[in-house]
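Here is a set of short exercises to work through with the structure open beside you. Try each task before you read its solution.

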Amino acid sequence: MASPRVLIVEDSPCQAEYLSVLCRACGISKLSTAENGRVALELIDKAETSFDILICDLEMPDLDGIELIQWLAKRNTCSALIIVSSREQSLISAVELMAVTEGIDVLGSIQKPVPQGALEALLKDYRGKAVERTKGACCLNSALSLQELEQGLAQHQFELHYQPKICMDNGMLHGLEALVRFRHPARGLLYPGDFIELCEHKGLIDALSFEVITMAIQQLVVWNQQGFAPRISVNLSGRSFSNSAFTQDVMKLLTQAAIAPSDLIFEVTETQVIGNIGEALAFLSRLRLHGFGLSIDDYGTGYSSVKQLSQIPFTELKMDRSLIEGVASKSHLQVIFESTLSMCNKLGIDLVAEGIEKHKDWEYLRSAGCHVAQGYYISPPMPSYEVVNWVHAGMPALHDKMA
Ligand code: C2E
Ligand code: MG
Ligand code: MG
């Protein structure tokens, strides 16, 4: 991967020089510096190619780090952000949370003096995420067309990958989340970020949901015949809330396959539910009435209240990755996690931590009493045949983690 373009925004010349030295030591060759937020904005506006990473101090004359972050959010910048500051950790964490809430891709924050290892780790993280991002990008640059989507559905070019969910107290398999991929004949393997929104806008989302549910049910039949009986979670779009035939149509598929509704969990995101609480209540209550599991996905990215959530008969809450990443070391994330866990315990529903990548976060979540874990730390999503091998091999690597 090419060296990322980095902009250091720092008012102290000697700190700016120190950060430049650290960056060069990490192999960054395309470096620019700005002595405050205003100069940074001018550089960003003038630059022919956008900066990949901004390393930003908070206290600066003229336009400070917080104002700069707000400006960047308004401009929908795609630069990733690293915050560096000599101020107290609680203040740094508050600014980090503000940036995440504003939609900025925050790699992390470091308290000054900046240790080389800490900067190196965040830059490494950026490179890892950049590889992930390119996985989601279409190999042909043009947008997918309606015809390609329709053809994909008609010719069954969609497939499911499954990511394990693990019970944190005993290491047993709790279930699998089905994540859809589009094996496009010319563009290669496409990820949901490339086509879900388009399916929603082109009125194809229900057709895609049925394709996904049909594949999940067929997979359950095959696995059940092999003596493997996991519960499968399927993601739904809020656009389906207005489809009054949805529940009956899914029930027909299940009856034909002799699969119980309790073997499926439907995931809907917090934002979709809150955006349409009336229809969501009717749609989700009907699903629950038939015995399906219900999960609130990406919890923490919307602004639902406990009152709104407790009105919907969810059986599971999935805490968004943005609230899990770094939870072991960030006290504000621990406060959010602990109060959410207490709420789930009182409501009698499972709390799933999404997107666990690091050993320290896994350890914290386990000791804090989190019920279920999902994330690359345990396993990435896998094709169905790999799932069986993974389970038959005794879910490798989990033994050490449970020790
Ligand atoms: P989601 O339901 O929150 O699924 C989790 C996403 O995070 C998946 O991305 C998964 O591959 C990724 N992930 C899992 N563990 C980690 C981790 O440790 N670190 C990081 N960085 N990422 C992790 P994916 O497969 O690209 O799916 C993205 C979103 O697309 C899903 O988010 C879901 O909202 C939507 N989606 C996926 N399949 C379907 C589907 O069949 N129907 C609908 N309507 N939406 C779907
Ligand atoms: Mg999900
Ligand atoms: Mg999620």
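## Exercise 1: A shared aspartate

At 5% relative accessibility, D297 counts as buried, and in this predicted model that residue is a good place to begin.

**Task.** Which residues coordinate the magnesium ion (ligand 3), and which residue coordinates both this ion and the magnesium ion (ligand 2)?

**Solution.**
- Step 1. Collect the donors: the magnesium ion (ligand 3) is held by D297 (OD), D298 (OD), E354 (OE) and E354 (OE), at 2.0 to 2.4 Å.
- Step 2. Look at the spacing in sequence, which for these donor residues reads D-D-x55-E.
- Step 3. Place them in the fold. D297 is in strand 11, while E354 is in the loop between strand 13 (350-353) and helix 14 (359-368), so to speak of the pair is to speak of a link between distant parts of the chain, 57 residues apart.
- Step 4. Check E354 for burial: the cut-off is under 20% relative accessible area, and E354 counts as buried because its relative accessibility is 11%.
- Step 5. Turn to the neighbouring ion: ligand 2 and ligand 3, both magnesium ions, are 4.2 Å apart, and D297 coordinates both.

## Exercise 2: The other magnesium ion

**Task.** List the protein donors of the magnesium ion (ligand 2), then decide whether E177 is buried or exposed.

**Solution.**
- Step 1. The protein donors are E177 (OE), N235 (OD1), E267 (OE) and D297 (OD), and they lie 2.0 to 2.3 Å from the magnesium ion (ligand 2).
- Step 2. Along the sequence these donor residues follow the spacing E-x57-N-x31-E-x29-D.
- Step 3. E177 belongs to strand 7 (residues 173-184) and N235 to strand 9 (residues 232-235), so this pair ties together parts that are 58 residues apart in sequence.
- Step 4. E177 counts as buried because its relative accessibility is 4%.
- Step 5. N235, with a relative accessible area of 30%, is partly exposed.

## Exercise 3: The strand that carries D297

**Task.** How many residues of strand 11 are buried, and which strands pair with it over 5 bridges and over 3 bridges?

**Solution.**
- Step 1. In strand 11, 6 of the 7 residues are buried, so the strand is largely enclosed by the rest of the structure.
- Step 2. Strand 10 and strand 11 run parallel and are joined by 5 bridges.
- Step 3. Find the residue across from the metal ligand: T269 stands opposite D297 in strand 11.
- Step 4. Strand 11 also pairs with strand 12 (residues 316-319), in the parallel sense over 3 bridges.
- Step 5. Here S295 has E316 in strand 12 as its bridge partner.

## Exercise 4: Two helices with a buried side

**Task.** Which residues of helix 9 are buried, and which of helix 11?

**Solution.**
- Step 1. Begin with helix 9, where F246, T247, V250, M251 and L254 are buried.
- Step 2. These residues cover an arc of only 125° around the axis, which puts them on the same side of helix 9.
- Step 3. On the other side of helix 9, K252, T255 and Q256 are exposed.
- Step 4. The cover over the buried residues of helix 9 includes helix 8 (205-225), strand 10 and helix 11.
- Step 5. Move on to helix 11, where the buried residues are A280, F283, L284 and L287.
- Step 6. Their arc around the axis is only 90°, which puts them on the same side of helix 11.
- Step 7. Their cover includes helix 9 (246-257), strand 10 (264-269), helix 10 (270-275) and strand 11 (293-299).
- Step 8. Look past the helix ends: A258, just after helix 9, takes a positive phi of about 55°, and G291, which follows helix 11, has a positive phi near 100°.

## Exercise 5: The open sheet

**Task.** What is the strand order of the open sheet of 5 strands, and which strands stand at its edges?

**Solution.**
- Step 1. The order is 2-1-3-4-5, with parallel pairing.
- Step 2. Strand 2 (30-34) and strand 5 (105-111) stand at the edges; each has a single partner strand, so one side of each is left without a neighbour in the sheet.
- Step 3. On average, neighbouring strands of this sheet are turned by 15° against each other, direction ignored.
- Step 4. Strand 1 (residues 5-9) is joined to strand 2 by 5 bridges, and I8 has T33 in strand 2 as its bridge partner.
- Step 5. Helix 1 (residues 13-25) packs on the sheet, touching strand 1, strand 2, strand 3 (53-57) and strand 4 (80-85).

Definitions and conventions:
Residues are numbered from 1 along each chain as its sequence is written. Chains are lettered from A and ligands numbered from 1 in the order in which they are written. This is a predicted model: local features need pLDDT of at least 70, side-chain atom pairs count only at pLDDT 80 or more; totals for chains, interfaces and linings use all residues. Side-chain values use heavy atoms; hydrogens and water are left out. Buried means under 20% relative accessible area, exposed over 50%, partly exposed in between (1.4 Å probe, protein chains only). Helices (H or I, at least four residues) and strands (E, at least two) are DSSP runs, numbered from the N terminus. The arc is that of the directions from the helix axis to the C-beta atoms. Contact means heavy atoms within 4.5 Å. Donors are N, O and S atoms within 2.8 Å of the metal (3.2 Å for Na, K and Ca); water is not among the atoms, so sites may look incomplete. Two strands pair if DSSP finds at least two bridges between them. Axes are lines fitted to C-alpha atoms, for helices over the stretch in contact, and angles run from 0 to 180 degrees between N-to-C directions.
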